[in-house]
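Got your viewer open? Load the model and get ready to click through a few selections.

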Amino acid sequence: MREILSLSIFSSAMDAVAWRGLGYTVFILHFVLLCQFLLLQPLVSALDGKAGNAADLFERVSQSVKVKHYSEVLNDLNAAIEADPSLSEAYFHRASILRQLCRYEESEKNYKRFLELKPRNSVAEKELSQLHQAESALETAFSLFDSGEYGKALEYIDKVVLVFSPACAKAKLLKVRLLLAAKDYIGGISETGYILKEDENNLEALLLRGRAYYYLADHDVAQRHYQKGLRLDPEHGELKRAYFGLKNLLKKTKSAEDNVNKGKLRLAVEDFKGALALDPNHLAHNVHLHLGLCKVLVKLGRGKDALSSCSEALNIDGELTEALVQRGEAKLLTEDWEGAVEDLKAAAQKSPQDTSIREALMRAEKALKMSQRKDWYKILGVSKTASISEIKRAYKKLALQWHPDKNVDNREEAEAKFREIAAAYEVLGDEEKRTRYDRGEDIEDMGMGGGGGFNPFGAGGQQFTFHFEGGFPGGFGGGFPGGGFGFQF
C-alpha cells in the first residue's frame with residue numbers, strides 16, 4: 001500500500017514538472033512571435049497587397065536618405081526584400097543607395113535584379129550606366145593620384161564620381177588627399193569638416209585634417225586631431241607616425257632655439273639641420289628653420305653656408321624681409337658687394353622705417369665703393385695688419401723686380417706695374433693716408449686712386465732716380481750701374 005502511494009505521489013510530481021515545462025515553452029514561442037510581429041509588421045504590411053503601406057515604406061526611405069541615415073535605409077530595405085523577394089521597388093531603392101555609397105558591385109546586382117522584375121525600365125538602365133561611369137572614374141582617379149596627376153584626378157572625382165555617388169566616402173577622402181598633395185590645405189580642411197560632421201570618429205578624416213593643419217604650421221590644432229584619432233585607435237599606424245613625427249619636429253626646433261639663446265651656435269646649427277631633415281615638404285615651418293640657420297651661420301662668419309640657407313628661405317617666401325637682410329649680410333661675408341647692396345636695398349624698400357636695415361645698407365654701399373678702388377695691400381702683397389717695416393720691404397722688393405730697366409722685353413707692362421707699386425707705397429707708407437684709406441675715405445691725391453696720380457718716372461721713365469742708402473753693391477748690370485739708382489726711405 002505504501003509503494004502504491006509513493007508511486008502516485010511521484011507521478012503527480014512528474015506531471016507538475018511536465019506541465020510547467022510546457023508552459024515555459026508556450027511563453028517563449030509567443031514572445032518570439034510577438035517580437036517578429038513588432039519588428040517586421042511595418043514592412044510585412046507593405047507586402048499584403050496594400051499600395052499605401054508600400055508607399056509609406058518608400059517615403060520613410062526617402063526621408064532617411066535626406067538626413068543621410070543610409071544604414072537605417074538599407075536595414076529597412078533588406079528586411080522588406082527578405083519578407084518579399086519580388087518587391088521590385090525595394091531592389092531599385094537599394095541599388096540607388098548602394099550606388100551613392102559607391103558600393104558598386106552590390107549596387108549593380110540590385111539594378112539587374114530590378115530589371116529582371118521590370119525589364120527595360122529606362123530610369124534603372126540610366127542609373128546603371130551612371131554607376132559604370134562613376135566606378136570607372138573612381139578607378140582612374142586613384143591611378144592618376146598614384147602617378148602624381150592631381151589636377152586630373154580631382155576633375156574625375158568632382159565631375160563624375162561625386163555627381164553619381166555623392167555619399168562615397170572613398171571618393172571624399174581621396175579628394176582630400178589630392179587637395180593636400182596639391183598644397184590646397186584650406187580646401188582639405190573644408191572637405192574633412194563635411195566628412196567629420198557626418199562621422200566625427202572617422203579616423204582617416206581626422207588624420208588628413210590634422211595633416212592639413214600641420215602643413216599650415218598650426219601645430220597645436222594638428223596635434224589635437226592626431227590625439228583624438230589615437231584615443232579611438234591607439235594602434236593606428238599613420239596616426240602614430242604623424243603624432244610622434246610632429247612631437248620630434250617641435251622638440252628639435254625648440255632645442256635649436258634654446259641653443260641660440262645660450263650662445264651655443266654650433267650645436268644650434270646641428271639642431272636646425274636635424275629639424276629640416278625630418279620633413280623637407282613642411283615649407284610653412286621650414287622657412288623659419290632655414291632663416292634661423294642662416295642667422296646663426298652669419299654670426300659664425302660662414303658666409304657661403306649662410307647664403308644657401310637664406311636663399312632656401314626666400315625660395316619658400318620671397319617677401320621675407322629678414323631673409324633678405326641676412327642674405328645681404330652673408331654676401332658681405334663672401335665679398336659679393338653688389339649682391340649685398342641689391343638685397344639690402346630690396347629689404348629697405350620693404351621696411352623703410354627700419355634703421356638697422358638702413359645702417360646695413362650703408363655698410364654694404366661703403367664696402368662696394370671700397371672694392372672698386374685699388375687694393376694697395378694686395379698690390380704690395382701684404383696683409384691689412386702689416387707693419388710699416390713689412391710694407392717698406394715689400395715695396396723695395398717689388399720695385400726692384402718691376403723696374404723698367406730690368407724688364408726691357410716687357411717695358412710697357414713693367415712701367416705700369418712699377419707705377420702701381422709706387423702709388424701703393426705712397427698711400428700705405430704714409431700713416432695718415434693709410435688710416436684714411438682704411439676708413440674708406442676718398443682721397444683725391446691718394447696715388448693712383450686720385451686724379452693727380454703718382455708718376456715715379458716724371459716726364460719719362462728713365463729720368464727718375466731713387467736713392468737707397470749704400471746703393472746696390474755689385475750693381476744690377478745693364479740698366480743698374482753700381483749705385484746709380486737708389487731708394488730713399
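**The whole chain**

Start with everything in view: of the chain's 489 residues, 41% count as buried. Keep in mind as you go that this is a predicted model. Switch to cartoon, and you'll be looking at 22 helices and zero strands. Now turn on the surface. The chain exposes about 28100 Å², with carbon and sulfur atoms supplying 53% of that. As for how the chain meets itself, take the contacts between residues at least 6 apart in sequence: 50% of them join residues at least 24 apart.

**Stop one: helix α20**

Select residues 388-402, which is helix α20. Put a distance between the first and last C-alpha of its 15 residues and you should get 21 Å, close to the 21 Å expected at 1.5 Å a residue.

Which residues of α20 are buried? Show side chains for Ile391, Ala394, Tyr395, Leu398, Ala399, Leu400 and Trp402. Then bring up what these buried residues pack against: α19 (376-380), α21 (411-428) and α22 (431-438).

Stay on Trp402 for a moment and add Lys417 to the selection. Lys417 lies over the face of Trp402, at 5.5 Å from the ring centre.

**Stop two: aromatic pairs**

Time to colour the rings. How many aromatic pairs are there? The count comes to eight. One of them is Phe92 with Phe114, a tilted pair with 5.1 Å centre to centre and 50° between the planes. The two rings come from distant parts of the chain, 22 residues apart: Phe92 sits in helix α4 (residues 88-100) and Phe114 in helix α5 (residues 104-117).

Are these two rings buried or exposed? Phe92 has 14% relative accessibility, so it counts as buried, the cut-off being under 20%. Phe114 comes in at 2%, and therefore counts as buried too.

Next, select Tyr377 and Tyr437. They make another tilted pair, 6.1 Å centre to centre with 45° between the planes. Because Tyr377 lies in helix α19 and Tyr437 in helix α22, this pair ties together parts that are 60 residues apart in sequence. Both tyrosines, Tyr377 and Tyr437, are buried.

**Last stop: a ring cluster**

Head back to Phe92 and Phe114, and add Tyr111 to the selection. Ring pairs link Phe92, Tyr111 and Phe114 into a cluster, so show the three as sticks to finish the tour.

Technical notes. Residues are numbered from 1 along each chain as its sequence is written. This is a predicted model: local features need pLDDT of at least 70, side-chain atom pairs count only at pLDDT 80 or more; totals for chains, interfaces and linings use all residues. Side-chain values use heavy atoms; hydrogens and water are left out. Helices (H or I, at least four residues) and strands (E, at least two) are DSSP runs, numbered from the N terminus. Buried means under 20% relative accessible area, exposed over 50%, partly exposed in between (1.4 Å probe, protein chains only). Contact means heavy atoms within 4.5 Å. Accessible areas come from the Shrake-Rupley method with a 1.4 Å probe; for residues, only the protein chains shown count as cover. The expected span of a helix is 1.5 Å times one less than its number of residues. Rings of Phe, Tyr and Trp (its six-membered ring) pair if their centres lie within 6.5 Å; planes under 30 degrees apart count as stacked, over 60 as edge-to-face and the rest as tilted. A charge sits over a ring if NZ of Lys or CZ of Arg is within 6 Å of the ring centre and within 35 degrees of the ring normal.
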